[in-house]
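Please look over the sequence and the structure shown below before reading on. The report after them takes up one residue and then a set of charged pairs.

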Amino acid sequence: MIRKAIEDTEEISLLDLTKKDQKKSGIHPSAKESEFTLGFTVIHGKEVDFGKHFNFSERSITIGRNKSHQISLEDEKVSKTHCEICINRNHEFEQAIIKDLDSTNGTYVNGKLVKQEVLKSGDKIGIGDTVLQVSSNDAIEEEYHTKLFTFAATDSLTGLYNRRYIFNELDNQSRIARRNNRVFSIVIIDIDNFKQLNDTYGHLAGDDYLKRLSIVISRSLREQDICGRVGGEEFLIILPETRLEGALNLANRIREQIEKTEVIRRGRTIKTTISAGVSQFDMYVSDSRTLYELADLALQKAKKTGRNKVITLDAI
C-alpha cells in the first residue's frame, strides 16, 4: 500500500495552497516577480469580488462578466464585455485610457458617464454595482494587496477559502448556472471521528491533520474548482460545469487518498477517514440553499451508515 506521511519538521505553506486561487482572482503570488505598475482594486461590489486586486503590464485589458477577460466580475449589471483599458507606455510616461464597449449600463469614471477617458491614479471606475479604484503601485504595495486579499478570503489554518467567501461563491455559481441553464455540483467533506482524534492526540495534532487534508484536496482539484473550510472539520468543494457522476468520482478519489494518508507527530501515527455528501445543481435543485442541504443530508447518511463513504441523493 502506498502511504503518505507528514513529519514533525515539515512546514505547510499557506501560500502554496492559495497560489491557484490567487491566479484565478487575477492576483500574482509575488509582486517582486514582476514589474507591474498599474493596478485595479475592487472597493465596492459583490462580496465574492470585493477586495480583489488586479495587476497588468499588457497594452490592453478588458473588463466584463465573461470569464475570459483579464478582469472578470460577478456583477450581473456588468455586461459580458463591458469596457477596455488601453495602456500606452514609453520611457517618459504611462497613460491608461478607458473605453466603454457599448455596455448596457455604461461606464463611469468618478461618477461621470464616459465613452472614453484618460485614467489617473486614484480614479474610481464604476461599472454596474462594482467600483474599481486605479492605482500606480510599487512592488511593496502590490505585495500588500496580495496579502490583504489572502487574509480576508482564506482560512488561516488551511489556506483554503474561508466560510464567508466559499458560501458567497456558492451563491454566485448558482446565479451563473441558473442564468445560463448549466449544471454544477458540490461535495461536502467531513473528517470521521475528528473529536476522538483531538482527544487522543491533542488539538495541535488535529490542526496538522486538517492541513494535510487541505493539501490532498487542493492537489485533487482542477484550476476552476473551488474549496473552502466551512466548519471545524468540514469542507465544501464547488465543481463548475460538473455533473453528479464527475463529482462522485472526485470525492471517492479524495476519500481513497485520505484513507492511505498518515500524519506523523512526535513519533505517533495519526490516521482516519472522511465521509462526503454530493449534490448537483439543475432544474430540480435550482437554489444554493437547497443544493447545500441535500448534500449535507447525504453526508449525514454516510456518517450514520458506517463512515468512510461517499453518498448522493439516489442512495438516500
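What follows describes a predicted model, beginning with a serine and its surroundings and then turning to salt bridges.

Serine 103 lies in the loop that runs between strand E7 (94–100) and strand E8 (107–109). The relative accessible area of serine 103 is 11%, and because this is under the 20% cut-off, the residue counts as buried. Leaving aside residues up to four places away in sequence, serine 103 touches Ser79 and His82, and with histidine 82 the side chain of serine 103 makes a polar contact of 3.2 Å. Valine 78 stands 25 residues from serine 103 in sequence, while their C-alpha atoms are 7.7 Å apart in space.

The count of salt bridges in the model comes to 19, and three of the pairs are set out here with their N to O distances.

| Basic residue | Acidic residue | Distance, N to O |
|---|---|---|
| Lysine 52 | Aspartate 49 | 3.4 Å |
| Lysine 120 | Aspartate 123 | 3.2 Å |
| Arginine 255 | Glutamate 256 | 3.9 Å |

The partners can be described by their exposure as well. Lysine 52 is buried at 7% relative accessibility, and aspartate 49 is buried at 0%. Lysine 120, by contrast, is exposed at 54%, whereas aspartate 123 is buried with a relative accessible area of 3%. Arginine 255 is buried at 13%, and glutamate 256 is partly exposed at 39%.

Salt bridges also link Glu76, Arg175 and Arg179 in a network.

Terms used: Residues are numbered from 1 along each chain as its sequence is written. This is a predicted model: local features need pLDDT of at least 70, side-chain atom pairs count only at pLDDT 80 or more; totals for chains, interfaces and linings use all residues. Side-chain values use heavy atoms; hydrogens and water are left out. Helices (H or I, at least four residues) and strands (E, at least two) are DSSP runs, numbered from the N terminus. Buried means under 20% relative accessible area, exposed over 50%, partly exposed in between (1.4 Å probe, protein chains only). Contact means heavy atoms within 4.5 Å. A polar contact is a pair of N or O atoms within 3.5 Å; within protein, one must be able to donate a hydrogen and the other to accept it, and residues adjacent in sequence count only if both atoms are side-chain atoms. A salt bridge is a side-chain nitrogen of Lys or Arg within 4 Å of a carboxyl oxygen of Asp or Glu.
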